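Q: I'd like to learn how to read a few features off a model like this one. Can we start with a side chain and work outwards?

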Amino acid sequence: MVIKSPKDFWAGVMFIAFGAGMGVIALKNYQMGTAVRMGPAYFPVVLGGILAVLGLILLARAFVLKGDRIPAFHFRPLLFILVACLAFAYTLKPLGLTGATLLLVFISAYGGDEFKWKEVAMLYVVLIVFSVLVFVKGLTLPFPICPDVIEDFCRF
């Protein structure tokens, strides 16, 4: 058999692996129950089964329909997003939400092809206002807004 659509083939393999993995982990750690009295494993197993069936459909489609080739994988954006998430996680407490979000936005944006200071700065301002209003004020999550050094000046 010849794979006519490599994108569909690998997407199907990925869906089957995630669906089967989800079902196996759920069954290993939780009780399944019945349809009338569902246990904690019931929903993840059903969801994993649906995902695996969709993967089988994609896999079968890969051998029938002609599709696109898989484009080259770009490591740079993935690496910068990973570094930005780690920087946010490790600097949230000492730098506060404003400083950690600044690092997150600028590092992850630098991983893209078109980095423009003005656009990224505007995105940062919108994200920090949104984050403070939703997470700190709306949901009352205990995130420090400013760095520990200037926390007294940042109180609302």
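A: Sure. Keep in mind that this is a predicted model. A handy starting point is a side chain that meets the backbone: here a polar atom of the T91 side chain sits 2.5 Å from the backbone oxygen of A87.

Q: Where do T91 and A87 lie?

A: T91 belongs to helix α3, and A87 has its place in helix α3 too.

Q: Is T91 buried or exposed?

A: Look at relative accessible area, where under 20% means buried. T91 comes out at 16%, so it counts as buried. A87, with 17%, is buried as well.

Q: Which residues does T91 touch, leaving out those up to four places away in sequence?

A: With that filter on, T91 touches G96, A100 and L103.

Q: How do I read the way α3 and α4 pack, starting with the angle at which they cross?

A: Compare the two axes. Those of α3 (residues 75-110) and α4 (residues 117-138) come within 10 Å and cross at roughly 140 degrees. Angles over 145 would count as roughly antiparallel, so α3 and α4 are oblique to each other. As for handedness, α3 passes α4 in a right-handed crossing.

Q: Which residues make the contact?

A: On the α3 side they include L97, L102, V105 and F106, and on the α4 side W117, Y124, L127 and I128 are among them.

Q: How many residues of that contact are nonpolar, polar or charged?

A: Sort them by class: the contact of α3 with α4 has 14 nonpolar residues, three polar ones and no charged ones.

How values were computed. Residues are numbered from 1 along each chain as its sequence is written. This is a predicted model: local features need pLDDT of at least 70, side-chain atom pairs count only at pLDDT 80 or more; totals for chains, interfaces and linings use all residues. Side-chain values use heavy atoms; hydrogens and water are left out. Axes are lines fitted to C-alpha atoms, for helices over the stretch in contact, and angles run from 0 to 180 degrees between N-to-C directions. Helices (H or I, at least four residues) and strands (E, at least two) are DSSP runs, numbered from the N terminus. Angles under 35 degrees count as roughly parallel, over 145 as roughly antiparallel, 65 to 115 as roughly perpendicular and the rest as oblique. A crossing is left-handed if the near helix is turned anticlockwise from the far one by less than a right angle, and right-handed if clockwise. Contact means heavy atoms within 4.5 Å. Ala, Val, Leu, Ile, Met, Phe, Trp, Tyr, Cys and Pro count as nonpolar, Asp, Glu, Lys and Arg as charged, and the others, Gly among them, as polar. Buried means under 20% relative accessible area, exposed over 50%, partly exposed in between (1.4 Å probe, protein chains only). A polar contact is a pair of N or O atoms within 3.5 Å; within protein, one must be able to donate a hydrogen and the other to accept it, and residues adjacent in sequence count only if both atoms are side-chain atoms.
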